[in-house]
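Please open the model in your viewer and keep the sequence panel beside it, since this tour moves from one selection to the next.

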Amino acid sequence: MPMIDADGCLINVSVEGRDGGPTLMLSNSLGCTLQMWEPQMKALTQVFRVIRYDRRGHGKSNVPPGPYTMERFGRDVLAILNDLNIEKVHWCGLSMGGMVGQWLGANAPERFGKLILANTSCYYAEPTKWLERIDAVKKGGIAAVADAVIAGWLTQDFREREPDITARMKAMLLASPVEGYLACCEALSTLDQRELLPKIKSPTLVIAGRHDMATPISAGELIRSKIPGANMTIIDAAHISNVEQPHAFTDAVVGFLTQR
């Protein structure tokens with residue numbers, strides 16, 4: 001896995017799959033590494049060259065001091081593409097990855113084919129939730145919020161049915177560097193990208209989770225309504241829908257990206 005320099009921050013990047021195939025870039029949720037996409041990789045790498053990466057402050061990437069911004073995250077992505085000498089990709093981002101995708105779609109449209117914005121939001125009307133989480137993590141580390149976060153990521157039914165997958169997701173969250181996690185939460189506390197959405201010209205699919213309390217269907221519907229021509233599909237899952245419903249998620253992604 002190469003480490004790619006984005007303005008002095010080394011970003012951990014993985015490139016797998018079909019040489020010469022269309023390229024798909026995947027972008028993670030807050031508190032996740034590129035490993036969150038494992039349920040999709042077998043299917044996606046048969047069709048695409050797949051780029052995954054750890055966002056700054058996460059996984060094996062560097063943890064520079066905050067504050068971070070959506071623009072900074074977007075420029076990290078462009079630095080990765082430039083380093084790999086890749087002109088254009090499709091994008092699939094979940095949660096925070098979908099927010100970065102909104103910035104990229106509006107500000108670097110020539111670099112993106114189709115966009116998939118999954119379990120995400122463009123705007124938080126009230127920053128209280130994020131400020132409370134920041135305060136809790138500063139006092140007690142990520143362990144102080146881990147159970148509540150996992151309850152939002154995966155439905156209770158799934159957590160009871162798949163304890164091993166749930167434990168792996170919780171371990172991934174707990175391994176997040178605290179400073180990077182906090183800097184990302186601070187970026188989310190001021191999120192408002194509503195003005196960007198009408199500028200997105202890429203064919204766009206919004207994916208929402210039927211049981212997603214973190215970014216509910218209404219948040220996905222707002223995005224769909226503001227991006228010209230965007231479509232929306234609903235998956236029977238909570239927030240991390242690609243893990244809870246891997247087949248339905250993968251089918252939605254491949255179907256949208258391969259249709260003429």
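## Starting at helix α3

Select α3 in this predicted model and show what surrounds it: the buried residues of α3 pack against β3 (23-27), α2 (70-84), β5 (89-94), β6 (112-118), α8 and α9 (217-226). With the helix itself highlighted, you will find that α3 is mostly covered, eleven of its twelve residues being buried. To colour them, pick Met-96, Gly-97, Gly-98, Met-99, Val-100, Gly-101, Gln-102, Trp-103, Leu-104, Gly-105 and Ala-106, which are the buried residues of α3. If you then place a distance between the end C-alpha atoms of α3, the value is 17 Å, which agrees with the 16 Å that its twelve residues should span at 1.5 Å a residue.

## The largest pocket

Next, display the largest pocket, which has a volume of about 290 Å³. Its lining is made up of 20 residues, and those nearest the centre are Lys-129, Trp-130, Arg-133, Trp-153 and Ala-214. Four elements each give two or more residues to this lining, namely α3 (96-107), α4 (128-140), α5 (143-153) and α8 (178-189), and the largest share, five residues, comes from α5. Coloured by class, the lining of the largest pocket shows 13 nonpolar, five polar and two charged residues.

From here, centre the view on Ala-214, which sits in the loop between β7 (204-209) and α9. Is Ala-214 buried or exposed? Neither term applies, because its relative accessibility is 29% and Ala-214 therefore counts as partly exposed. Setting aside neighbours within four places in sequence, the contacts of Ala-214 are with Tyr-124, Lys-129 and His-239; Lys-129 is also one of the residues nearest the centre of the largest pocket. Add Asn-119 to the selection as well, since Ala-214 and Asn-119 are 95 residues apart in sequence but 8.2 Å apart in space, C-alpha to C-alpha.

## The second largest pocket

Now turn to the second largest pocket, which holds about 190 Å³ of space. Select Gln-35, Met-36, Glu-38, Pro-39, Ile-165, Arg-168, Met-169, Met-172, Val-243 and Pro-246 to show its lining. The elements that give two or more residues to this lining are α1 (38-47) and α7 (163-174), with the largest share, four residues, coming from α7. By class, the lining of the second largest pocket divides into seven nonpolar residues, one polar residue and two charged residues.

## The hairpin of β1 and β2

Finally, move to strand β1 (residues 3-6) and show its side chains, which alternate: Ile-4 and Ala-6 point to one face and are buried, whereas Met-3 and Asp-5 point to the other face and are not. In a regular strand, side chains alternate between the two faces of the sheet. Extend the selection to strand β2 (residues 9-17), which runs antiparallel to β1 and is joined to it by four bridges; within β2, Asn-12 is the bridge partner of Met-3. Together β1 and β2 form a hairpin with two residues between them, and in the turn Asp-7 has a positive phi of about 50°.

End on Ala-6, which lies in strand β1 and is buried, with a relative accessible area of 0%. Leaving out neighbours within four places in sequence, Ala-6 is in contact with Ile-11, Arg-56, Arg-72, Asp-76 and Ala-79. As a last distance, take Ala-6 to Asn-82, which are 76 residues apart in sequence and 10.0 Å apart in space, C-alpha to C-alpha.

Definitions and conventions:
Residues are numbered from 1 along each chain as its sequence is written. This is a predicted model: local features need pLDDT of at least 70, side-chain atom pairs count only at pLDDT 80 or more; totals for chains, interfaces and linings use all residues. Side-chain values use heavy atoms; hydrogens and water are left out. Buried means under 20% relative accessible area, exposed over 50%, partly exposed in between (1.4 Å probe, protein chains only). Two strands pair if DSSP finds at least two bridges between them. On a 1 Å grid over the protein atoms alone, a cavity is a set of points where a 1.4 Å probe fits but cannot get out, and a pocket is an open set with protein on both sides within 12 Å along at least five of seven lines; lining residues have an atom within 4 Å of a point. Grid points are joined across faces, edges and corners, and a volume is the space filled by probe spheres set on the points. Ala, Val, Leu, Ile, Met, Phe, Trp, Tyr, Cys and Pro count as nonpolar, Asp, Glu, Lys and Arg as charged, and the others, Gly among them, as polar. The expected span of a helix is 1.5 Å times one less than its number of residues. Contact means heavy atoms within 4.5 Å.
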